[in-house]
Amino acid sequence: MKNIKFIYLLILLCCTICKIDAQPPHTFTQYKTSDGLYQKTIMHILQDTKGFIWFATWDGIYKFDGYHFKNYKNRKGNNNGFNNSRIDYLAEGEQSYLWMISYDLQVYRFDMENEIFLSLPYSNYQAESIHPSHYGHTWIITNKGDLIEAYNSTDRKTLRAYNFFDKNHLSKSKVYNLLEDDKNNLWILSQAGIYKLIFNKNHLYTIHYYKLPNSVYDATETDTDIYFSGSKGRIWQYNKKNNKFTLFYTATQSNINIIRNIGSNKLFLGTKDDGILIYEISQGTTAHFTAQTNKELKNNYIKEVFIDSRNEVWIRSANTLGITHLSFNPVPQLKHFTIKDRYNEQTVNSRPEMYVCEDINHNLWIHPSGGGLGYYERKTNILKPFFNTERQSGWDSENKVTAIFSDRQGNLWLGSYNNGLEKITFKTNPFHLYQNVPSDNESLENYTRANFQDSKGNIWMGIKDQTIRIYDNNLHFKGFLTKDGSISPFQKDKIGTAYCFTEDHKGRIWIGTKGDGIIIATPLQKNKYALNYHMHETTNLHSLSDNNVYSMCEDKYKRMWIATFGGGVNYVNLNTNDYIFYHSANSLKKYPINLCSRARYVISDSIGRIWIGTTNGLLLTDVTSTRAEDITFKHYTYDDTNPNSLSNNNIHQILFSKINGNIYLATFGGGLNKAIQDNNGNLLFQAYTTQNHLPANVILSIEEDNKGNLWLATEEELCKFNPSTKEVITYSSWDLPTYFKFNEGEALHTPNNYLLFNTFKGALYFHPDSIRNSEYIPPIVFTQFQSGEKIITPSDSSLIHKNIDDIYHLSSTYKCNFLGADNKQ
């Protein structure tokens, strides 16, 4: 019997905000020996093309598949020349090879398919850098400036290496750097000029030599040119179209060790002893900064730089703690940053290296020369110390940061002496939960049932604790509505459980409650209202028909329509001041009270029709009748024999799209219904349910954003429905600030384009345009092959000859009684 197991690499599709100024919310995960990571000193981190994370450690390399770590190192009897398991650097090459530099500066190749190490067959060298290239060649620059060219055999079993100059019968020259251009040509920058290698389809190359009068140290490429930097302030421009070089002299006599393109018309130049220069290509002008002319630059020897996505430059200079930032606002500006120790006294001084990491959301994570880790806050131009507050109170010179890396999902990986390996997961949540009592999620004071924004911008909220709270346009609390009609931040009167609000043409706020009828708040002066109460009276036939008021709206004839849960609909003629409630028990005789006593929602369209959502279908009035006695109602219900009928009779809300004029009904159990009028004036309904990828068929509330997307609140999820493409994106409790359930109260779309939804734990609010879905496409990988209880690897079985994920066809002579797959996502 064989049981084949595979594991998918862990993928989390996250909703993110594209621009973040404050440090984003995060969670630290520390990996220990119990997770399979037996060596905590992490020197380098890499993510390969399949999505696996690799770690260079003091005891070999580790591969992480999202769940498990696997260690690869030198073991007795391997006879592969792998003499040092302390690895400092990793680089991925072509053909599933991983290249590495060990602590003793030797180079090794790891075959990720066959899980075999090979040492570089070359003697008397110390590697300074590795450069895998597109055509399968791997190039090693040594600390003496030699260039080693490494070849992979087609059978993957051997490795060959030669000195580039000896192999090609060239005079030896000290090599400083390599550049692989956009055509996959390789440029070798040396003391004797430039060698250009042009490869053919057989991976063989021809050499073009460009003799220049001085050494060439670095290169950078643009769409049209390649720029080379050299000694005595020289720059050579190579035109890729006509293959010609042009020499430029800059405002320095120093060697230009570093050249970088920073925009369409600027070059950054870092020198050996004369600071930095910003060269304007089109004008030929230079801005020059030295330690003597600008106190923010601490040394004139520029060691390394990082160019971020805004073309701003992060600079490490020699013998200097900290990091220097070059920005353009619009003129060049320098600022030097350091990270203080945990006592905020001395600058951390543990490692000279500079690490700068920019994640997928363009956040910058910086290890300045000296040590520590900081988050760069662009808005305030501050480098803030960033660390695991549960394990440390800050950085010090003993806790060295050894590696930082941001993967394709935006997770930040951090290696340090004290904490080992940590993964920082960010939950940059565009959804916000407004709570009156943040310390108690279960408090009734957080339970919002209704919200509304009046013509003055005030937001009214009905709370389950029977208070009515009023906020300004930015959700700053103004006060409670008191029984005497004033707005007080201190007097918390119980007015009633508000289920709905509306404002009439006279500016009066109508408040519908559960059990206490209607409260009409008439403005008197600032923060003062006159309150009038209207309830059902058994002795008054023209009083409100029921005290449970779920929805209200004013129509074009200045009638206020009221949906009650028990007494059907009412309306009041606002042209008079007598507050006569017309309903089925008096003049509204044609209302089907026996079938539709429980009305949940009422709304008026542009031509004066009244749409009434009930627990027993939809009611629609005519448009010509103004007398209560003459108003008729057309009843639409679910019919299992009619595919164009309502999908469910229980209607919670009705929405008229302001973008395209469509009409949508949120139902309790039948999903979303779109109302379509046929040529005879009858309504047909198109349903969208879980079969159309909605998260649930119970829709409690619905609101439209400025782009015409519909946001639907189910009991536990929020989803965005695009009516044009029918695409559905669901946001579950993982995406939202906390776990909660939504309420059926009407949602709110504010003038500043925020959406508010009612929940058991507060008001959920967000700006739809701030929500971005992850563009990361998760790979599917096989990570383990198991037969019975035995895990099969390429090194101990004839069944598979290489890593299971690299096998495209598998056959066996054994009888297979069972085949299984363990799916992890």
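In the account that follows, Ala, Val, Leu, Ile, Met, Phe, Trp, Tyr, Cys and Pro are classed as nonpolar, Asp, Glu, Lys and Arg as charged, and the others, Gly among them, as polar. The structure is a predicted model. By this classification, the lining of the second largest pocket comprises 19 nonpolar, 12 polar and 12 charged residues. This pocket has a volume of about 1,000 Å³. Its lining is made up of 43 residues, and those nearest the centre are Tyr-601, Ile-603, Glu-703, Glu-746 and Ala-747. Two or more lining residues come from each of strand S39 (448-453), strand S44 (498-503), strand S48 (549-554), strand S52 (599-604), strand S56 (651-656), strand S60 (701-704) and strand S64 (748-749).

The largest pocket has a volume of about 1,700 Å³. Its lining consists of 48 residues, with Glu-128, Ser-129, Lys-303, Glu-304 and Arg-316 lying nearest the centre. In this lining, 27 residues are nonpolar, 10 are polar and 11 are charged.

As to the chain as a whole, one helix and 69 strands were assigned. The chain has 825 residues, of which 55% count as buried. When contacts between residues at least 6 apart in sequence are considered, 48% of them join residues at least 24 apart. The exposed area of the chain is about 37,100 Å², and 46% of this area is supplied by carbon and sulfur atoms.

In soluble globular proteins, nonpolar side chains tend to be buried together. In the present model, the largest nonpolar core contains 26 residues, and the members that touch the most others are Trp-314, Trp-365, Ile-366, Leu-373, Phe-386, Trp-395 and Leu-412. At least two residues of this core are supplied by each of strand S31 (355-358), strand S32 (364-367), strand S33 (374-377), strand S35 (401-406), strand S36 (412-416) and strand S37 (420-426). A second core, separate from this one, has 18 residues, including Leu-433, Val-698, Tyr-731 and Leu-736. With neighbours within four places in sequence left aside, the contacts of Trp-395 include Leu-373 and Phe-386, both of which are also listed among the core members that touch the most others. Trp-395 is in contact as well with Lys-340, Asp-341 and Arg-342, among other residues.

Several loop residues were examined individually. Thr-41 is located in the loop between strand S2 (26-31) and strand S3 (42-47). Because its relative accessible area is 10%, Thr-41 counts as buried, the cut-off being under 20%. Beyond its neighbours within four places in sequence, Thr-41 contacts Ala-56, Thr-57, Trp-58 and Tyr-417.

Two residues that are not glycine have a positive phi: Gln-95, at about 65°, and Asn-344, at about 60°. Gln-95 is placed in the loop between strand S7 (87-92) and strand S8 (97-102), and Asn-344 in the loop between S30 and S31. Gln-95 has a relative accessibility of 42% and therefore counts as partly exposed, whereas Asn-344, with a relative accessible area of 59%, is exposed.

The peptide bond that joins Asn-329 and Pro-330 is cis, with omega of about -10°. Pro-330 lies in the loop between strand S29 (323-328) and strand S30 (332-337).

Conventions:
Residues are numbered from 1 along each chain as its sequence is written. This is a predicted model: local features need pLDDT of at least 70, side-chain atom pairs count only at pLDDT 80 or more; totals for chains, interfaces and linings use all residues. Side-chain values use heavy atoms; hydrogens and water are left out. Helices (H or I, at least four residues) and strands (E, at least two) are DSSP runs, numbered from the N terminus. Buried means under 20% relative accessible area, exposed over 50%, partly exposed in between (1.4 Å probe, protein chains only). Contact means heavy atoms within 4.5 Å. Accessible areas come from the Shrake-Rupley method with a 1.4 Å probe; for residues, only the protein chains shown count as cover. On a 1 Å grid over the protein atoms alone, a cavity is a set of points where a 1.4 Å probe fits but cannot get out, and a pocket is an open set with protein on both sides within 12 Å along at least five of seven lines; lining residues have an atom within 4 Å of a point. Grid points are joined across faces, edges and corners, and a volume is the space filled by probe spheres set on the points. A nonpolar core is a set of buried Ala, Val, Leu, Ile, Met, Phe, Trp, Tyr and Cys residues joined through side-chain atoms within 4.5 Å.
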